[in-house]
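Open your viewer and keep the selection box handy. This tour goes stop by stop, telling you what to pick and what to look for there.

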Amino acid sequence: MTAEKLPPQLAFLEGGGAATQLILDRDWTGHPFGPPETWPDAFRVALSLVLNSPESMILAWGPDLHFFFNETYFPLLGPRLSWAMGARFDEVWADALDQARPIIDDALAGRTQRFVDLPWKLDTDRGEALTYWSFSYSRVLDAMGEVAGLFIFTNETTSRVIADAALRDSQEQLSAALEELRALNVTLEQRVVERTAERDRMWDVSPDLLTVVDQDGRIHRANPAWRDLLGYGAEALLGVSIMDFIHDEDLPVAQRALSRSLEGRVARNEVRMRHADGHHEWISWVGAAHGCEVFAVGRHITQQKAAEEALRQTEEQLRQAQKLEAIGQLTGGVAHDFNNLLTVIRGSIDLLRRDDFPAERRQRQINAIADAADRAAKLTAQLLAFARRQPLTPEVIDVGASILTLTDMIHTLSGPGIKLVIEQPETPCFAHVDRSQLDTAIVNMAVNARDAMAGQGTLTIRIAPAIGPYGTDQVHIAITDTGEGIPADRLEQIFEPFFTTKQLGAGTGLGLSQVFGFARQSGGDVRVVSQPGQGATFTLILPQSHGQPRVDSGLRAIDMAKRSDLCVLIVEDNIEVGQFAVEALRTLGCRTVIATNAAMAMEELKADAARFDLVFSDVMMPGQSGIDFAHDIARTYPDLRILLTSGYSQVIADEGSHGFALLRKPYTLAELAQQIDRLFGS
């Protein structure tokens, strides 16, 4: 069982995150408490309080003080984390029991205590270390007034204690230095002169920039390193604002640092400072105030910055190399599959051209060519879907109702050995997506689940509304199988194109790539949760739409006689594709006129627009694109119907078809007829 959706009897574990999962994963057989479903109400309430607290908390319950904790407490447990949930306190903290026992006894006796910055040597997730903690122990009483357990609230203060100690050391050193300075005032004048000379030598020979500025940033003193690093003599700097030398983009950083210093804090910042010759150098400053003055030290870090940028560029080059490797893998997979398909097409054509090829075998070769062409079209569509460049025709659909229409197909694909369970939401969930691509994604995930279960098991499809990041409304379509699960080292690869664990010839490796590309192109995502031996859940996440599905207008198909009245203006720059469109439309009974670009087509319309019923235009054309051309037609000739066609278009991939009817290439005669019927059927 997972913590994704808990039954009512375990509702008290809601909100516990990873801590809840530890409770669910533990085998409670033989434990004094028994299974979680049987735990008493008082314990449930106390445990729920701990699990849902953002603070690090422990609940020790029962006479043996069995140990429960929330997720915030995880780092303290170190190597104990995997087994500590529900164990006895004296087992979990055996190495600290001598220190803890008196505190526990006092708490159980009603003497509640709070400890601040208590040192404790523990084996944590950082290894054995001396740590510091502020915590309190208090007992929990049951309804009869008897002690039921302990609440322990804990907060690690190691970082603050160490910082405070360092600050004290610094203050002590500063006090010692000040005391030494006071002593110098009462010593012989010669010693004062000697010490002053030493400090002056340090000021003069320091390779770092040393300066003293007032609360307005004006320079009161500067050392010779200013000339060496930035080209300015110390005398010329006096009375000038240090802000005058700082790059305009870095001024806010420098001004905040000056303010922090005057507030008594040590301020650090990195800024670009103008050299006397006009270029800029990177300087890392540390400043601290004394009275109304700030003493600052600036270290030259231009070379360090250059090294960091060189490292960044090297890492970027590595990422580009990895991208090229992925492109190489993709190209190889595409070439392999397309060469197989072209072999079938080319070979079948050669056979059909032979005069001695038997007539009774011609239909078989024609079917082979058609099947190879369909598979090539499907492969191209899957690649475009993975690359999020598939031309989509989104509409508002009822996701649950759409998936129900796939039930028979999924039953057929899954086989008799797989039980199909579809869980619908209480209220319809709408999404603005391409219906056919959603169907393809669901089928791809269902087939993937079938293969994972080797034809035996339960396939569950669950549709539910959800709240995404920043309160966005989402629709989640979760497909869960009871198969063998996915190893952790393969989870990051399953959406890569042509990656497959199936036997050779059993799959292209593009099914999940299509799901991933469709989800991202639709503004959503896809997630997978799986463990070996425990099946897998793929969740398709789509933005929820608050619109309503389009009502079927009852369009009817027209007959051949009706099509014979239609005159179609074909706009296609590819000669072979244009010739096919002419033959296809003539076969459907239409009259045709063809133009090779938008400008020629517009001249035909200007000459006699009334003779045309339909403009059938490619999207990708030289000169004006099909989308812009369609907009011009819609404005100038509003009665003309428009049908666009495209195998791939960046504009359509990014923005959709702008409301125009779209026929994807490659298209069949039947698909072309269906689109015409839709445009003229009402």
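What follows is a walk through a predicted model, taking strands, a helix and nonpolar cores in turn.

**Stop 1: a hairpin**

Start by selecting residues 57-61, which are strand β1. All 5 of the 5 residues here are buried, so β1 is largely enclosed by the rest of the structure. Turn on the side chains: Met57, Leu59 and Trp61 point one way, while Ile58 and Ala60 point the other way.

Now add residues 66-69, strand β2, which pairs with β1 in the antiparallel sense over 4 bridges. Look for tryptophan 61 standing opposite histidine 66 in β2. The two strands make a hairpin with 4 residues between them, and in the turn glycine 62 has a positive phi of about 85°.

β1 has another partner to bring up: strand β5, residues 147-156, is joined to β1 by 5 bridges and runs antiparallel to it. A handy pair to label is methionine 57 with its bridge partner in β5, phenylalanine 153.

**Stop 2: two nonpolar cores**

Next, select Leu47, Phe89 and Tyr137. These are the residues with the most contacts inside the largest nonpolar core, which has 51 residues. In soluble globular proteins, nonpolar side chains tend to be buried together.

Centre on tyrosine 137 and show what surrounds it. Leaving aside neighbours within four places in sequence, its contacts include Phe89, Ile103, Ile104, Trp120, Leu150, Phe151 and Ile152. Thr112 and Gln113 are among the contacts of tyrosine 137 too.

Then jump to Ile418, Ile461, Ile486 and Val515, which are included in a second, separate core of 36 residues.

**Stop 3: an open sheet**

Select β7, β6, β10, β9 and β8, given here in their order across an open sheet of 5 strands with antiparallel pairing. The edges are β7 (219-222) and β8, each of which pairs on one side only. On average, neighbouring strands of this sheet are turned by 30° against each other, direction ignored.

For a close look at one pairing, zoom in on β6 and β10: 6 bridges join these antiparallel strands. Leucine 209 has glycine 298 in β10 as its bridge partner.

**Stop 4: the helix across the sheet**

Keep the sheet on screen and add residues 251-262, helix α11. This helix of 12 residues reaches 17 Å from its first C-alpha to its last, close to the 16 Å expected at 1.5 Å a residue. α11 lies across β6, β8, β9 and β10, running at about 140° to β8.

Which residues of α11 are buried? Colour Leu251, Ala254, Ala257, Leu258 and Ser261 to see them. They cover an arc of only 125° around the axis, which puts them on the same side of α11. An α-helix has 3.6 residues a turn, so residues three or four places apart point the same way. The buried residues of α11 pack against β6 (209-214), β8 (267-274), β9 (280-290) and β10 (293-300). Just after α11, find glycine 264, with a positive phi of about 100°.

**Stop 5: a strand with two partners**

Finish with residues 473-481, strand β15, which is mostly covered: 7 of its 9 residues are buried. Add residues 457-467, strand β14, joined to β15 by 8 bridges and running antiparallel to it. Here proline 465 stands opposite valine 475 in β15.

Last, show residues 536-543, strand β17, which also runs antiparallel to β15 and is joined to it by 8 bridges. Label threonine 480 and its bridge partner in β17, threonine 537.

Notes. Residues numbered from 1 in each chain as written. Predicted model: local features only at pLDDT ≥ 70, side-chain atom pairs only at ≥ 80, totals over all residues. Heavy atoms only, no water. Expected span 1.5 Å × (residues − 1). Buried < 20%, exposed > 50% of the residue type's maximum accessible area, 1.4 Å probe, protein only. Arc of directions from axis to C-beta. Contact = heavy atoms within 4.5 Å. Pairing = 2+ DSSP bridges. Core = buried A, V, L, I, M, F, W, Y, C linked by side-chain atoms within 4.5 Å. Axes fitted to C-alpha atoms, helices over the stretch in contact; angles between N-to-C directions.
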